[in-house]
Amino acid sequence: MCQLGLGKAHFIAYSRGVAYALQYALRNPKSVQSMVIGDHPAYNTRFHEKWAEKMINSYKRYASWNTLFEEIALTEAITREAFETKKEQYYVETPEGIRKRYLKDFPARLARESEDCDLASALGYISGKMLILKGKEEGSLLNEEQIKVFQKYHPQIVYVQGAGHDVFEPRKQAAEAIMHFFNRMD
């Protein structure tokens, strides 16, 4: 941010990105103007080796987009149209074939370098307002005890109807909450 000449910025963080944004707030206490937190506690959880193993074992190359679609369609309820729309978010085509976007050693590096860390103290370094988006359905990563940690800092909390962990679906409710949050700052 310094290289860009920015003194303070507004952060929107989701899932594990919340832990990274809060770590940034700890390291740069005067830089975070406000923060939107998407369904993740103020805690960084260590990645375990079994998780890394599972991710590495799922790292497979596919000969064609059609081969990939056929394999995904065996276990997921996805239409061809939905697949075509989202495929390049998660996969990349290389000369060796189609593969997941991350490199095969990435999960192992994450597991080695990650650690359990309580980041609640970082919430005190957010100089402005805070918005918490919590999924109301099963799958949300935030429980009521974790919400209480955030409540000490007087955030606005929005319970997103019809969402578990992915609080940006349905997009309309999340988008309205974020726009309302930023419009109130003026």
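Good morning. I begin with Glu 84, which is partly exposed at 36% relative accessibility; by that term I mean between 20% and 50% relative accessible area, with buried under 20% and exposed over 50% (1.4 Å probe, protein chains only). Please note that this is a predicted model, in which local features need pLDDT of at least 70 and side-chain atom pairs count only at pLDDT 80 or more, while totals for chains, interfaces and linings use all residues. Residues are numbered from 1 along each chain as its sequence is written, and side-chain values use heavy atoms, with hydrogens and water left out.

My topic is the salt bridges, of which the structure holds four. A salt bridge here is a side-chain nitrogen of Lys or Arg within 4 Å of a carboxyl oxygen of Asp or Glu.

Which residues are linked with Glu 84 in a network of salt bridges? They are Arg 80 and Lys 87. Arg 80 meets Glu 84 at 3.5 Å, N to O. These two residues lie four apart in helix α4, residues 80-90, and so are separated by about one helical turn. Helices are DSSP runs (H or I, at least four residues), numbered from the N terminus. Arg 80 is partly exposed, at 34% relative accessibility.

On the other side of the pairing, the closest N and O atoms of Lys 87 and Glu 84 are 2.8 Å apart. Lys 87 and Glu 84 are three residues apart in helix α4, again about one helical turn. Lys 87 is buried, with a relative accessible area of 11%.

Finally, Asp 105 forms a salt bridge with Arg 109, at 3.4 Å between the closest N and O atoms. Asp 105 is partly exposed at 39%, and Arg 109 is partly exposed at 32%.
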